[in-house]
Structures are given as C-alpha cells and as structure tokens.
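Colleague: I have the model open on my screen and would like to know how you reach your labels. Could you walk me through them?

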Amino acid sequence: MITNELNKTGADVGTVPGYILEIAPYQAGKPISELAREFGLDPARIVKLASNENPLGLPESARIAMVEVAQSLARYPDPNGFDLKAALAKRHAIPAGWLTLGNGSNDLLELASLALLSPGMSCVYAQYAFAVYRLATQARGARHIVTPAANYGHDLDAMFDAIDDDTRLVYIANPNNPTGTFAPAARVSGFLERVSERYGDRVTVVLDEAYTEYLEPDLRFDSARWVELHSNLIVTRTFSKAYGLAGLRVGFAMAQSRLTDLLNRVRQPFNVNSMAQAAAIAVLNDAEFLQRGFEVNKQGKQALYGAFEELGLTYVPSYGNFVLVHVGNAAAINLELLKRGVIVRPVDGDGLAQWLRVSIGLPDENARFIEALTEVLAQP
Ligand SMILES: Cc1ncc(COP(=O)(O)O)c(C=O)c1O
C-alpha cells in the first residue's frame, strides 16, 4: 500500500533532498493560449473543460468589488483578512479565530502538511484522491500510505485501518477530484469520531470540500459543526469552483484554535491578495450566482451522462462539476480533441490512463465537446 513510485529526475541527489527530486510536478489543465499557439487555433473557438472552473465566468458582484479595491493596490492586503473572516464566521457560525485564509484552498492543503508532516511521519490518503495530497506529502519527505479505492471513491474503513504509529495527517476529498465520488455525511462523521476517539490530536484529518456547493440539497451537511466537535479536524473550502474566482486564488480553512494557530505559523503573511479578499466577500452573499451555477452544472451533467451512454462509454457518476469518463486510449483521444480545439483533462498521472476528466461547461461548450468526442470515436 505504500507507494513511492514517483519521478526520478536523475539530478544531483547530493545537493537536494531525494524526496524533492522525486516529486512529479502537478499537471494543470492546458491554458487556452497554449493550445492556440501549439495548433494555430483561434483562441475564441477553443473550449476549455479541463480545470473544473465555473463556466458562468466572473460574478458581476465580484467584478464590482474588485474595481473598487483596485484604488488601494499599492498597499499590502490585510494580512489577517479581517473582513472576509468576519463574513465567513457569520456564514458558518464559528469564531473568526477558527479561520485561516489561503491562496486558493491548495495553499491550505500545503500548509497543513507543512505544519504537521516531516521525514519519519506518514500521511494517509486514498488511491485516486486529489493529486495535491501526494505532492504535499512528498514535499515534506513524509511517507505515503495510499489505501485502495472502493468504486473509485475513498474507502474510509481502509483509511482508518491504515493509520499507523507515524501517521500525523489524513486527507479526504469529499467530493473527490478527479473521480467525482462522494462519501455521505454519516460515513464521514463516523470516520471522524473513530479517529478522534482512537488517536485524539495526534492524527489530524483534513476534509477537503472544494466541490461541496454542487451537492444536491438532500446530501448537504454542515461540516462547521464537525469542527466544533473535533479538535483534530481541518475543513477546507474554496472560492475557485462554485463561486467563480479560480484566477484570484482564495480559499479558507475552518479548524479549532490549536490547528488554526499552527496553520498561521507557516502561512506567508500576505498570502491572499486584496482583490481576492474583496471579491470573496461579495460573492459569499451572491446567492443568485451560486444557484445559477448549480442549475447549469446539474443540466450539463445530465447532458454529458446522456451522451456517454449513447456512445457506450462508462463514466463515474459525479457529485462535482466534472465527470470522469472511460475512453480507452485516452492519450490519442485527447490529442484528437485538442486538434479540434477542445481541452479536457488526461488523468494518467492519477493512475487512470484510460480515462479523461471533463469539466461541465455551458450548454454550447458541452455540445462542442460531445460533437468532437463523437467524431473522434467514429474515426477508424
Ligand atoms: C479536491 C480539490 N481540492 C482542492 C482544490 C484546490 O483548488 P483551489 O486551490 O483553487 O482552491 C482542487 C482544485 O482543483 C480540488 O479539486
């Protein structure tokens, strides 16, 4: 179960820690400008469904807030994010002192590993879990404990059983990316209770809820209440997905004072810029934008499911704003899609070499993708 099959660079191991040289860098979705350059395509005709961004674009509420704050960009941002934390504290009914802001929630996932892991310690996460858990563990020189997936999702029982004497951190993505799988609230809260009871504060659980806003109402739960119950829990959220602010880089973590204090020790002083703070406050109260995004996502998901079924392709039912689909020769199909100006996400780096992950876009973007995929699959 312990994997260390990461890239060997062949560089001079003597001058740099070996575990740094073994990092296989994160593969981000290809930018539109890069594809346009590579294939001589018109950027306006390119459809990007590769990074689980919000297809509605920047919310108007955020744009207005950003224009206003532009006047003061010669100044450093508020290092403590007072106003944003106040808004978040009110929304989640927790003390502002339990919040940490991050340069995207990715920053917070990294900060947790920085504060809690070092060589000799171990971190538990699931096969096919969000790739950053592997990177954050590797960058600290800690040991990976990767539990086999169950139906492409997290097997929480296996994760609990895998915790060993060296374990300090467990990452759970719920919903998970790239698989889109979801563990219901009762299963997660049961897991948290077991970990708290058996290990107390020795094992911290990071519950990454980047896609939580896309859950159907009957599946939603209030993880801030779990933070009240468990002093070993960090819940991370982002403004990059449902709130449409991926380019600004802003997320937040909820945790009791002890863990919040640790995250704060390793955080850069000005890790969240002024525009991001102002925009996040604005969109937090933009219920209309959130609802519209939810509907567009729900409809787009059904359109993709329908197309995959018609094409005879297997997919993993998704609780996020993307779908993982089995296409066979994913590298070749991806290349053909790129030639047609459609960017999706290969996930071979996640151990899913025959699959592609497609973000759910606007109706015409989904249609362009389906049209291109249908054409590519029909080729001899
Ligand atoms: C599961 C999961 N967690 C966290 C993130 C990080 O997003 P951000 O740093 O933009 O908040 C992502 C981004 O794709 C994700 O899929």
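Colleague: Which residues does Glu336 touch, not counting residues up to four places away in sequence?

Modeller: Glu336 touches Val376 and Gln379. Please keep in mind that this is a predicted model. Glu336 itself sits in helix 13, residues 330–339.

Colleague: Why is Glu336 called buried?

Modeller: The relative accessible area of Glu336 is 17%. Buried means under 20%, so Glu336 is buried.

Colleague: And what makes the pair Glu336 and Arg340 a polar contact?

Modeller: The side chains of Glu336 and Arg340 are joined at 2.9 Å. A polar contact needs N or O atoms within 3.5 Å, and the 2.9 Å of this pair meets that.

Colleague: Let's move to the ligand. Which residues are closest to the ligand?

Modeller: The closest are Asn177, Asp208, Tyr211, Thr238 and Ser240, and 13 residues surround the ligand. By class, that shell holds 4 nonpolar, 6 polar and 3 charged residues. Helix 5, residues 105–116, gives the largest share of the shell, with 3 residues.

Colleague: How do you know that Asp208 makes a polar contact with the ligand?

Modeller: An N or O atom in the side chain of Asp208 is 2.6 Å from a nitrogen atom of the ligand. The cut-off is 3.5 Å, so this pair counts as a polar contact. Backbone N or O atoms also approach oxygen atoms of the ligand: one of Ser105 at 2.7 Å and one of Asn106 at 2.9 Å. The protein buries 94% of the 400 Å² that the ligand exposes when taken alone.

Colleague: What makes Ser105 buried?

Modeller: Ser105 has a relative accessible area of 9%. That is under the 20% limit, so Ser105 is buried. Ser105 is found in helix 5. Leaving aside neighbours within four places in sequence, Ser105 is in contact with Thr236, Arg237, Thr238 and Gly251.

Colleague: How do you know that the buried residues of helix 4 line one face?

Modeller: The buried residues of helix 4, residues 82–92, are Leu84, Lys85, Leu88, Ala89 and His92. Seen down the axis of helix 4, these buried residues fall within an arc of 135°, so they line one face of the helix. An α-helix has 3.6 residues a turn, so residues three or four places apart point the same way. On the other side of helix 4, Phe82 and Lys90 are exposed. Among the elements that cover the buried residues of helix 4 are strand 2, helix 9 and strand 7.

Colleague: Why is Ala93 called partly exposed?

Modeller: Ala93 has 47% relative accessibility. Partly exposed lies between 20% and 50%, so Ala93 counts as partly exposed. Ala93 is in the loop between helix 4 and strand 2. Its phi is near 55°, a positive value in a residue other than glycine.

Colleague: What about Arg249: why is Arg249 called partly exposed?

Modeller: Arg249 has a relative accessible area of 29%. The range from 20% to 50% is the one for partly exposed, so the label fits Arg249. Arg249 is found in the loop between strand 7 and strand 8, and its phi is positive too, near 65°. Most residues other than glycine have a negative phi, and most peptide bonds are trans.

Colleague: Where is there a cis peptide bond?

Modeller: A cis peptide bond joins Asn174 and Pro175, with omega about -5°. The bond from Asn177 to Pro178 is also cis, with omega near 15°. Pro175 is found in the loop between strand 5 and helix 8, and so is Pro178.

Key. Residues are numbered from 1 along each chain as its sequence is written. This is a predicted model: local features need pLDDT of at least 70, side-chain atom pairs count only at pLDDT 80 or more; totals for chains, interfaces and linings use all residues. Side-chain values use heavy atoms; hydrogens and water are left out. A residue is near a molecule or strand if one of its heavy atoms lies within 4 Å of it. A polar contact is a pair of N or O atoms within 3.5 Å; within protein, one must be able to donate a hydrogen and the other to accept it, and residues adjacent in sequence count only if both atoms are side-chain atoms. Accessible areas come from the Shrake-Rupley method with a 1.4 Å probe; for residues, only the protein chains shown count as cover. Helices (H or I, at least four residues) and strands (E, at least two) are DSSP runs, numbered from the N terminus. Ala, Val, Leu, Ile, Met, Phe, Trp, Tyr, Cys and Pro count as nonpolar, Asp, Glu, Lys and Arg as charged, and the others, Gly among them, as polar. Buried means under 20% relative accessible area, exposed over 50%, partly exposed in between (1.4 Å probe, protein chains only). Contact means heavy atoms within 4.5 Å. The arc is that of the directions from the helix axis to the C-beta atoms.
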